[in-house]
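Biologist: I should like a close look at one part of this model, with the local chain elements described around it. Please take the surroundings into account as well.

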Amino acid sequence: MRNIIGLLTLSLHFGCQGTVRAAHDEAETPTSYTALEVAGGAMGDPVGSPIHAVLTSPPEVPPAVDRTTPAKVVVELEVVEKVMPISEGVDYTFWTFGGTVPGSFIRIRQGDTVEFHLQNHPDNKMPHNIDLHAVTGPGGGAASSFTAPGNQSQFSFQALNPGLFVYHCATAPVGMHIANGMYGLILVEPPEGLAPVDREYYVMQGDWYTVGKYREKGLQPFDMQKGIEENATYVLFNGSEGALVGDNALQAKVGEHIRLFVGNGGPNLVSSFHLIGEIFDKVHFEGGSLVQEQVQTTLIPAGGAAIVEFTVEAPGTYVLVDHSIFRAFNKGAVGMLKVEGPDAKGVYSGKEVDAVYLADKAAPAAPIAEASQATAAGTLSLAQQVDAGKALFQGTCSTCHQPDGKGLGDVFPPLAESDFLMADVERSIGVVLNGLSGPIEVNGRRFDSVMPPMSQLNDDEVAHILTYVRNSFGNKGDAVSPEQVARVRATTERPQGAAH
Ligand SMILES: [Cu+2]
């Protein structure tokens, strides 16, 4: 008995006053849990004239509902199939709810009656529908919303349960529609709303399956077989490697209380959601009413969500990752939260940006973008390669060879004025692709250590990096072309276990 009341109290953490609390105060026996659900669920007929829902594109979130009565809310959502970048120089044909991945954020109040209009743009090639996990009823709206291109369909539902819910397309082949980006979040606020915070953001993870390798250039088709095997090429926040980094990073100020609405569209992978350098004060895990406190990493199932809240105490760049960590460093699951404000030395004394964690995202993406556009146009210059290579070097090579290329002690040989590096271009490409071990001599000094293969870098990246190091730190050499790299890749053997 005591335990059950305790559980009820916890479950009401989602919202602490108003109708729900009143019902709880009267709760005497376990059976009143059902009464409570009914009282907090279907809360009467809509009051007033219909309201048009404010929808937002990620990472923005619509304003809080701010109503004390249920309403009829009209939602109009258009499905758009469109080509957008998924990574630098890599395009993908996304299928979207509202033109973005994830789809438009929908925010309503428990007890609202939603009149849902799903529109399928006439230029689209596929039929689509929508299954909202906030719907109580078979299929979650899927059957009544099946819509051919150039058509629109309509259905209504009452939002009986509060929480943060995923919506997604459920048209066959369902996995393919979700894999192409057809998911988003709908927040059903409890009657008394959520506690006010300084900022709210919308982040959603998804896994992606392309025919080409990670960062292989050009328009990349969906790979059904990789999808079936759950062998993701990309794992991303908000549908693109660039969605939440650099100029697109989430913003905040020291001392602010932040709420993230985090979803996972899947289709396959469960997220180990983590914010490097922060502890979540509160997590509404699985998007539900229970709150867990002081959480480092929260699990977000495919087709599930979580609300995480924290206060940022120290300025700097915080990195959002899927802590299933290869996804962060090798498949793109990285986002950034930039916090501005006065130093909080008592809280944290370290250096500001940690290149170890930001990898190549720490560098401005512009030179890399410029180089890949020039490559496509056939106008790539040595200077452009040097700029792009510098950005890539910082995230990839500088941890060992140091930002100034001078190496470190007897372990990491210098690239600065290195006779070994400059003697043989093809050999230096081979060192990057295949690694190097055993004794070598650099500028008359002996090294006997191990460099791991870096073959996860694509041909453009290796070419830019080597062009940079061969034209920096006192070195002077020719440009290294992606074709040269491709040739060395094709004619040398990777060590066992290296990436392609
Ligand atoms: Cu669809």
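In which loop is proline 173 found, and between which elements does that loop lie?

Modeller: Proline 173 is found in the loop between strand E8 and helix H4 (helices and strands are DSSP runs, of at least four and at least two residues respectively, numbered from the N terminus). The model is predicted, so local features need pLDDT of at least 70 and side-chain atom pairs pLDDT 80 or more, whereas totals for chains, interfaces and linings use all residues. Residues are numbered from 1 along each chain as its sequence is written, and side-chain values use heavy atoms, without hydrogens and water.

The peptide bond that joins alanine 172 to proline 173 is cis, with omega about -10 degrees. A cis peptide bond is also present from proline 58 to proline 59, where omega is near 5 degrees; proline 59 lies in the loop between strand E1 (51-52) and strand E2 (72-87).

The copper site involves residues on either side of proline 173 in the numbering. The copper ion is coordinated by Cys169 through SG, by His128 and His177 through ND1, and by Met182 through SD, at 2.1 to 2.5 Å (donors are N, O and S atoms within 2.8 Å of the metal, or 3.2 Å for Na, K and Ca). Along the chain these donors follow the spacing H-x40-C-x7-H-x4-M. Histidine 128 belongs to the loop between strand E5 (113-120) and strand E6 (131-132), and methionine 182 to the loop between helix H4 (174-179) and strand E9 (183-189), so this pair ties together parts that are 54 residues apart in sequence. The four donor atoms subtend angles of 87 to 137 degrees around the copper ion. Both histidine 128 and methionine 182 are buried (under 20% relative accessible area; over 50% is exposed and in between is partly exposed, with a 1.4 Å probe and protein chains only).

Strand E8, which borders the loop of proline 173, belongs to an open sheet of four strands in the order E4-E9-E8-E6, with mixed pairing. Strand E4 (106-109) and strand E6 are the edge strands, and each pairs on one side only. Strand E6 pairs with strand E8 (residues 163-168) in the antiparallel sense, over two bridges (pairing requires at least two DSSP bridges). Within this sheet, aspartate 131 stands opposite histidine 168 of strand E8.

Elsewhere in the chain, two residues other than glycine have a positive phi. Glutamate 230, with phi near 60 degrees, is found in the loop between helix H5 (224-228) and strand E12. Glutamate 230 is partly exposed, with a relative accessible area of 45%. Asparagine 238 has phi of about 55 degrees and lies in the loop between strand E12 and strand E13; with a relative accessibility of 8%, asparagine 238 is buried.

Strand E12 (234-237), which adjoins both of those loops, is an edge strand, as is strand E17 (292-295). The sheet in question is open and has six strands in the order E12-E10-E14-E19-E16-E17, with mixed pairing. Within this sheet, strand E16 (residues 280-284) and strand E19 (residues 304-311) pair in the antiparallel sense over three bridges, and glutamate 309 in strand E19 is the bridge partner of lysine 282.

For the setting as a whole, the protein chain has 14 helices and 23 strands, and buried residues make up 52% of its 500 residues.

Key:
Tetrahedral: all angles 85-135°; square planar, octahedral: opposite > 155°, others 65-115°.
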